Amino acid sequence: MTSADHRDAMERCIAKNTVFCACVGGVFAGGTAFSPKHGGIGFPAGRPEYRRRGIGSLLIWEALSCMPQDRGMFVHIYPGVSAARSLYLSLGFREDEFIWQEGQGYQTLLLSPERLKGIVRQRRNFSAAGGCL
């Protein structure tokens, strides 16, 4: 996928209100897109100076809470993106197939419906206890 393809996909997600962004002091710190229709999360992005602060985890939690609870979901990660891989694995995603497409490879990670329900319950409990984004 080219940079133009990514930009176009993000613009479509913004138009559909399927993007979460986090700002710190008015500065974009990170964001992610999601698709309840397809059961996927994509395009996680975080500015380097805001990484390792839990922003990515909260964005993913929010995206997961918008997903249908009756089916699993997936993410695709590219080799060399170890922060995203570690984050998804810590949430209970498991490794699935490695795919080569148009000269690029990526790993599919899957989350079971049961684990998704558990994460959403945990997120609701966090919010009810006074947690915030």
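**Figure 1. The pairing of strand 5 and strand 6 in the predicted model.** Within strand 6, Tyr-106 is the bridge partner of Ile-99. This bridge belongs to the contact between strand 5 and strand 6, which pair in the antiparallel sense over 6 bridges. The hairpin formed by these two strands has 2 residues between them, and Glu-102 adopts a positive phi near 50° there. Strand 6 is mostly covered, with 6 of its 8 residues buried.

**Figure 2. The pairing of strand 4 and strand 6.** Strand 6 (104-111) also pairs with strand 4 (73-77). The sense of this pairing is antiparallel, and it extends over 5 bridges. Ile-77 stands opposite Gln-107, a residue of strand 6.

**Figure 3. The pairing of strand 1 and strand 2.** Strand 2 comprises residues 27-35 and pairs with strand 1 in the antiparallel sense. The two strands are joined over 6 bridges. Ala-22 has Gly-30, in strand 2, as its bridge partner.

**Figure 4. The open sheet of 6 strands.** The strands follow the order 1-2-3-4-6-5, and their pairing is mixed. Strand 1 (19-24) and strand 5 (94-101) stand at the edges; each has a single partner strand, so one side of each is left without a neighbour in the sheet. From one strand to the next, the twist averages 25°.

**Figure 5. Helix 3 against the sheet.** Helix 3, formed by residues 82-90, lies across strand 3 (40-46), strand 4, strand 5 and strand 6. Relative to strand 4, the helix runs at about 160°.

**Figure 6. The protein as a whole and the stretch 126-133.** The secondary structure comprises 4 helices and 6 strands. Along the sequence these elements follow the pattern α-β-β-β-α-β-α-β-β-α. Of the 133 residues in the protein, 32% are buried. The accessible surface comes to about 8,100 Å², and carbon and sulfur atoms account for 54% of it. Among contacts between residues at least 6 apart in sequence, 53% join residues at least 24 apart. The mean pLDDT of the protein is 81, with 89% of the residues reaching 70 or more. Over residues 126-133, by contrast, the pLDDT is below 50. In the model, this stretch has 8 contacts beyond near neighbours in sequence.

Definitions and conventions: Residues numbered from 1 in each chain as written. Predicted model: local features only at pLDDT ≥ 70, side-chain atom pairs only at ≥ 80, totals over all residues. Heavy atoms only, no water. Pairing = 2+ DSSP bridges. Axes fitted to C-alpha atoms, helices over the stretch in contact; angles between N-to-C directions. Contact = heavy atoms within 4.5 Å. pLDDT = per-residue confidence, 0-100. Buried < 20%, exposed > 50% of the residue type's maximum accessible area, 1.4 Å probe, protein only. Areas by Shrake-Rupley, 256 points an atom, 1.4 Å probe, with all protein chains shown as cover.
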